[in-house]
Amino acid sequence: MAIRPVLRMGDARLLQAAEPVSDFSNLRELLTDMRDTMKALNGAGLAAPQIGIGLRVVIFGVQPQAQDRPEPRYPDADSVPETVLINPFITPLGDEMVDAWEGCLSVPGLRGLVPRHSAIRYQGYDEYGALIDRTVSGFHARVVQHECDHLDGILYPMRIRDMRNFGFKEVLFPDSPMQDE
Ligand code: NI
């Protein structure tokens, strides 16, 4: 178990395309480190390249508002099931895009308004090699698109359409209970 340093924007490793996982027998340490790191930083998701591992592995999950976490990062977010998603493939459903504010553990302290497909189907594998096939919308769909972008070397600021909607979280949302990252 280890909390790993999260690479920050500017590190060339975040801009590389990650490789598909072919050996599912060797993922335990990576997934433990990813979970520990995500939880320690109170993130909604984490992609393996963010801790310097160039594999197509993401984790995400947001639990319903818990009493013992008075400063959730996304206080208005729907709950998203704790998921390990390997070698993901996303199919947008329809043309509708929605804008919402995003943050990223690799872009600490900042928020940007990012368009995402409002509904998607995503497929991939869990850590045991079992197929995952879900149709989702809203915040769940947004989290999946954000995390899977990391596997193609895309950080959310690259998707902001109007850079006036990009700034420091504490300036944009001075009264928000959202945590810094
Ligand atoms: Ni991110």
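**Exercise 1. The nickel site**

Task: Starting from the spacing C-x41-H-x3-H of the donor residues of the nickel ion in sequence, determine which residues and atoms coordinate the nickel ion, and where His146 and His150 lie.

Solution: The model treated here is a predicted one, and its nickel ion has donor residues that follow the sequence pattern C-x41-H-x3-H. The first step is to put names to that pattern: the nickel ion is coordinated by SG of Cys104, NE2 of His146 and NE2 of His150, at 2.1 to 2.3 Å. The next step is to place the two histidines, which both belong to helix H2, residues 138-150; because His146 and His150 are four residues apart in this helix, about one helical turn separates them. The last step concerns accessibility, where the cut-off for a buried residue is under 20% relative accessible area. His146, with a relative accessible area of 7%, is buried, and His150, with a relative accessible area of 1%, is buried as well.

**Exercise 2. A salt bridge between strand E4 and a loop**

Task: Find which residue forms a salt bridge with Asp99, and decide whether Arg161 is buried or exposed.

Solution: The partner of Asp99 is Arg161, and the closest N and O atoms of this salt bridge are 3.8 Å apart. The pair links distant parts of the chain, since Asp99 sits in strand E4 (residues 97-102) while Arg161 sits in the loop between H2 and strand E8 (166-168), with their positions 62 residues apart in the numbering. As for accessibility, Asp99 counts as partly exposed at 46%, whereas Arg161, at 62% relative accessibility, counts as exposed.

**Exercise 3. Further salt bridges and a network**

Task: The structure holds 11 salt bridges; work out how far apart the closest N and O atoms are in the salt bridge of Asp133 with Arg121 and in that of Asp162 with Arg164, and then state which residues are joined into one network by salt bridges that share partners.

Solution: In the salt bridge of Asp133 with Arg121, the closest N and O atoms are 2.6 Å apart. This pair, too, links distant parts of the chain, with Asp133 in strand E7 (residues 131-137) and Arg121 in strand E6 (residues 119-125), 12 residues apart. Asp133 is partly exposed, at a relative accessible area of 40%, and Arg121 is likewise partly exposed, at 33%.

For Asp162 and Arg164, the closest N and O atoms of the salt bridge are 3.0 Å apart. Here Asp162 counts as partly exposed at 28% relative accessibility, while Arg164 is exposed, with a relative accessible area of 72%. Finally, salt bridges with shared partners connect Glu102, Arg116, Arg142, Asp149 and Arg159 into one network.

**Exercise 4. The sheet and the helix packed on it**

Task: Establish in what order the three strands of the open sheet lie, and which strands of the sheet H2 touches.

Solution: The three strands form an open sheet in the order E4-E5-E8, with antiparallel pairing. E4 and E8 are the edge strands, each of them pairing on one side only, and from one strand to the next the twist averages 25°. Turning to the pairing in detail, strand E5 (residues 110-117) and the antiparallel E8 are joined by three bridges, and Arg111 has Gly167 as its bridge partner in E8. The remaining step is to add the helix: H2 packs on this sheet and touches E4 and E5, its direction making about 105° with that of E5. H2 is also the helix that holds His146 and His150, two of the residues that coordinate the nickel ion.

Definitions and conventions. Residues numbered from 1 in each chain as written. Predicted model: local features only at pLDDT ≥ 70, side-chain atom pairs only at ≥ 80, totals over all residues. Heavy atoms only, no water. Donors = N, O, S within 2.8 Å, 3.2 Å for Na, K, Ca; no water. Buried < 20%, exposed > 50% of the residue type's maximum accessible area, 1.4 Å probe, protein only. Salt bridge = Lys/Arg side-chain N within 4 Å of Asp/Glu carboxyl O. Pairing = 2+ DSSP bridges. Axes fitted to C-alpha atoms, helices over the stretch in contact; angles between N-to-C directions. Contact = heavy atoms within 4.5 Å.
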